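Q: Could you take a close look with me at one part of this model? I would like to follow one helix and see how its side chains fit in with their surroundings.

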Amino acid sequence: MDLETTQNNAAAKLPLLKQGEYEMWRLIIEQYFQIQDYALWDVIENDNSFKPTARTITNADGTSTSMIPGVVTTKENTQKKNDVKARSMLPMALPNEHLLRFNQYKDAKTLFDAIQTRFGGNDATKKTQKTLLK
């Protein structure tokens, strides 16, 4: 196997999140998403995805109907595609025992925030974990 093939295989593999290694995983996953397509990381970091809003239409008989329009423009279609791709790739970097816990999140930003909360924790959680390890 030549060097180029080895590098391509290494770049194609998602880094798996391990307990207690969230900070390093976050750096690696950020780089991975940016290498794949910067727009994917932009979806996660800035919540730059298309979210349809419901439109209310008043009918002739006075009733109203709410409807969510389909993707209309090319830009919105691209935003939705990037969100779906990022949302689909993130669970592949999680250990199998955590997949069901994070399956409920429907967009990449909220999924990444949930992963960060669970594995990254806040300062109090980190201090407690360090104390337990000692």
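What follows is a walk along helix 2 and on to its partners.

A: Happy to. Please keep in mind that this is a predicted model.

Let's start with the helix itself. Helix 2 covers residues 22-36, and at 1.5 Å a residue its 15 residues should span 21 Å; the end C-alpha atoms are 21 Å apart, so expectation and model agree. The buried residues of this helix are Tyr22, Trp25, Ile29, Glu30, Tyr32 and Phe33. Viewed down the axis of helix 2, these buried residues fall within an arc of 165°, so they line one face of the helix. Met24, Leu27 and Ile35 are exposed on the other side of helix 2.

Now for the rings on the buried face. Tyr22 and Trp25 are both in helix 2, three residues apart, which is about one turn of the helix. Tyr22 counts as buried because its relative accessibility is 3%, below the 20% limit. Trp25 also has a relative accessibility of 3% and counts as buried. Searching the whole structure turns up seven aromatic pairs. One of them joins Tyr22 and Trp25: this pair is tilted, with 5.9 Å centre to centre and 40° between the planes.

Phe33, further along helix 2, is buried at 0% relative accessibility. Trp41 is buried too, with a relative accessible area of 1%. The ring centres of Phe33 and Trp41 are 6.4 Å apart and the planes lie at 55°, so this pair is tilted. An angle of 55° counts as tilted because it is neither under 30 degrees, as stacking requires, nor over 60, as edge-to-face requires. Widening the view, one aromatic cluster is formed by Tyr22, Trp25, Tyr32, Phe33, Trp41 and Phe112.

Phe112 deserves its own look. Leaving aside residues up to four places away in sequence, Phe112 touches Tyr22, Trp25, Arg26, Ile29, Trp41, Ile44 and Leu90.

That leads to the nonpolar core. The largest nonpolar core has 23 residues, and those with the most contacts inside it are Trp25, Ile29, Phe33, Ile44, Phe112 and Ile115. The elements that give two or more residues to this core are helix 2, helix 3 (38-46), helix 4 (74-89) and helix 6. Helix 6 supplies the largest share, six residues. As background, nonpolar side chains tend to be buried together in soluble globular proteins.

A few further spots round off the tour. Arg118 lies over the face of Phe119, at 5.1 Å from the ring centre. Asn103 sits in the loop between helix 5 (99-102) and helix 6 (108-120). With a relative accessible area of 47%, Asn103 is partly exposed. The C-alpha atoms of Asn103 and Pro91 are separated by 8.1 Å, although these residues are 12 residues apart along the chain.

Finally, Gln79 belongs to helix 4. Gln79 is buried, with a relative accessible area of 17%. Its C-alpha atom is separated by 9.9 Å from that of Asp47, 32 residues apart along the chain.

Definitions and conventions. Residues numbered from 1 in each chain as written. Predicted model: local features only at pLDDT ≥ 70, side-chain atom pairs only at ≥ 80, totals over all residues. Heavy atoms only, no water. Helix = DSSP H or I, 4+ residues; strand = E, 2+ residues; numbered from the N terminus. Buried < 20%, exposed > 50% of the residue type's maximum accessible area, 1.4 Å probe, protein only. Expected span 1.5 Å × (residues − 1). Arc of directions from axis to C-beta. Phe/Tyr/Trp six-rings, centres within 6.5 Å; stacked < 30°, edge-to-face > 60°. Lys NZ or Arg CZ within 6 Å of the ring centre and 35° of its normal. Core = buried A, V, L, I, M, F, W, Y, C linked by side-chain atoms within 4.5 Å. Contact = heavy atoms within 4.5 Å.
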